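Take a look at the model below. This briefing picks out a few residues and asks where they sit.

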Amino acid sequence: IDIPSLLSLENNGVSFFPKLQSIRPLINKISQRELLNTLDIPCPDWMAIPLETPSTIDLPSDWGFPLMAKVAKGGYDGKGTKVIKNSRQLHELFESKGEEQWMLEKWVPFEKELSIISSRDSKGIVRSLPIVETYQNKQICDWVFAPADINHDIDQMVKNIVSSLLAELDYVGVIAIEFFYGSDGLLVNEIAPRTHNSGHFSIDACISSQFDQQICITSGIDVPMP
């Protein structure tokens, strides 16, 4: 999203849901991670690759291969990601990245991939669909299991994280947050400021779908519970 161009519309009375200022830190994976770090919300260890092509890079001492490389903007459904298995592939990434900004992420050994779809209305009321476990096919969410088979503590931690983020951003609209869960605990993987493929089950399975939530919030009418 080209926020600077859209700001001219907002300054002329056009309303956006979510607000452009709420989206701003989320459209870039690096600024996403900076926000999470500022709020002490757990996420995988990461580092930005300098824009100028480095000849080498000093990795933290506790990092090893493989690594996950992610383009900062524009990647989704496995696009804009690369598994880096050795130093040679890391150097090839440096040479091929052009002017795009990339980040490196410490490899996360996870047991489950989780996702939550939540909404926040203009009154600050947060509503969430059931937390789901997502199953991927070629790095695209193929199906979900809802509700996810997780204990109460993890359920509450997921919901506390999403509520904290929505309040911090003064976010009004629908948002999706994806998590890893495993030996390193619960970690935020990515934030999507929109409806999301892991919430499509809500069309048939819930009283109100993720799309119903977005439409009601945008229209300023009462939002039914999921």
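The notes below cover two buried residues and one surface patch. The model is predicted.

**E105**
- E105 is part of strand 4, which covers residues 102-106.
- Is E105 buried or exposed? Its relative accessible area is 3%, so E105 is buried, the cut-off being under 20%.
- Which residues does E105 touch, leaving out those up to four places away in sequence? They are R33, P44, D45, W46, W63, L67, M68, K70 and F180.

**V174**
- V174 belongs to strand 9, made of residues 173-182.
- V174 has 1% relative accessibility, so V174 counts as buried.
- Setting aside residues up to four places away in sequence, V174 touches I117, S118 and S119. V174 also touches P193, R194 and T195. Q210, Q213 and Q214 complete the list of contacts.
- How far apart are V174 and H196 in space? Their C-alpha atoms are 9.0 Å apart, while 22 residues separate them in sequence.

**I215 and the surface patch**
- I215 sits in helix 7, which runs over residues 210-219.
- Why does I215 count as exposed? Its relative accessible area is 52%, and exposed means over 50%.
- Which residues make the nonpolar surface patch? I203, F211 and I215 make it, and the patch is about 280 Å².

**Recap**
- E105 and V174 are buried, at 3% and 1%.
- I215 is exposed, at 52%, and helps to make the nonpolar patch.

Key: Residues are numbered from 1 along each chain as its sequence is written. This is a predicted model: local features need pLDDT of at least 70, side-chain atom pairs count only at pLDDT 80 or more; totals for chains, interfaces and linings use all residues. Side-chain values use heavy atoms; hydrogens and water are left out. Patches are made of residues with over 30% relative accessible area and no salt bridge: like charges are joined within 9 Å, nonpolar side chains (Val, Leu, Ile, Met, Phe, Trp, Tyr) within 5 Å. Accessible areas come from the Shrake-Rupley method with a 1.4 Å probe; for residues, only the protein chains shown count as cover. A salt bridge is a side-chain nitrogen of Lys or Arg within 4 Å of a carboxyl oxygen of Asp or Glu. Helices (H or I, at least four residues) and strands (E, at least two) are DSSP runs, numbered from the N terminus. Buried means under 20% relative accessible area, exposed over 50%, partly exposed in between (1.4 Å probe, protein chains only). Contact means heavy atoms within 4.5 Å.
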